[in-house]
Amino acid sequence: MLSYLGALINALVIPMGNMGGALTLNVANFGAQGGGTYAAMPMSTASFTVFALPWINGLGPITTALATFLGSVSGWLTGLHAFLTTF
């Protein structure tokens with residue numbers, strides 16, 4: 001179960017790191033990213049690129065890791081129930 005928790009945390013760290021990296025860019029560096037294409041973006045598109053896109057790209061791995069972790073918790077609780085009802 002702990003290894004699945006580690007996989008879930010790792011799946012959450014990746015989009016957080018990507019978003020954090022994008023947040024550290026100042027205006028000049030952000031405009032230079034992508035061959036200068038970001039400089040021509042409207043502010044709403046730039047905000048979406050920085051805040052939402054890392055999480056959207058990470059939804060698959062996050063969902064898979066969460067499902068695996070919750071499945072392991074369910075199995076552990078079922079085992080605990082079986083153990084406790086033997087007394």
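The legends below describe close-up views of a predicted model.

**View 1. Threonine 49 and its surroundings in helix H3.**
Helix H3 covers residues 43–84, and threonine 49 is one of its residues. With a relative accessible area of 16%, threonine 49 is buried, because the limit for that class is under 20%. A polar atom of the threonine 49 side chain lies 2.8 Å from the backbone oxygen of threonine 45. Setting aside residues up to four places away in sequence, threonine 49 touches Tyr38, Met41 and Pro54.

**View 2. Leucine 59 and leucine 12.**
Leucine 59 also has its place in helix H3. Its relative accessibility is 47%, so leucine 59 counts as partly exposed; exposed would require over 50%. In sequence, leucine 59 and leucine 12 are 47 residues apart. In space, the distance between the two is 9.2 Å, taken from C-alpha to C-alpha.

**View 3. Serine 72 with Met1 and Tyr4.**
Serine 72 is another residue found in helix H3. Its relative accessible area is 14%, and serine 72 is therefore buried. When neighbours within four places in sequence are left out, serine 72 is in contact with Met1 and Tyr4. Met1 appears again in the next view, as a member of a surface patch.

**View 4. A nonpolar surface patch of about 770 Å².**
The residues that make this patch are Met1, Trp76, Leu77, Leu80, Phe83, Leu84 and Phe87. One of them, tryptophan 76, is found in helix H3. Tryptophan 76 has a relative accessible area of 46% and is partly exposed. Two other members of the patch, Phe83 and Phe87, are shown in View 5.

**View 5. The aromatic pair of phenylalanine 83 and phenylalanine 87.**
A search of the whole structure finds 1 aromatic pair. That pair is formed by phenylalanine 83 and phenylalanine 87, with 5.3 Å from centre to centre. The planes stand at 85° to each other, and the pair is edge-to-face because the angle for this class is over 60 degrees. Phenylalanine 83 is partly exposed, at a relative accessible area of 48%, whereas phenylalanine 87 counts as exposed, at 74% relative accessibility. Both residues belong to the nonpolar patch of View 4.

Terms used. Residues are numbered from 1 along each chain as its sequence is written. This is a predicted model: local features need pLDDT of at least 70, side-chain atom pairs count only at pLDDT 80 or more; totals for chains, interfaces and linings use all residues. Side-chain values use heavy atoms; hydrogens and water are left out. Helices (H or I, at least four residues) and strands (E, at least two) are DSSP runs, numbered from the N terminus. Buried means under 20% relative accessible area, exposed over 50%, partly exposed in between (1.4 Å probe, protein chains only). A polar contact is a pair of N or O atoms within 3.5 Å; within protein, one must be able to donate a hydrogen and the other to accept it, and residues adjacent in sequence count only if both atoms are side-chain atoms. Contact means heavy atoms within 4.5 Å. Patches are made of residues with over 30% relative accessible area and no salt bridge: like charges are joined within 9 Å, nonpolar side chains (Val, Leu, Ile, Met, Phe, Trp, Tyr) within 5 Å. Accessible areas come from the Shrake-Rupley method with a 1.4 Å probe; for residues, only the protein chains shown count as cover. A salt bridge is a side-chain nitrogen of Lys or Arg within 4 Å of a carboxyl oxygen of Asp or Glu. Rings of Phe, Tyr and Trp (its six-membered ring) pair if their centres lie within 6.5 Å; planes under 30 degrees apart count as stacked, over 60 as edge-to-face and the rest as tilted.
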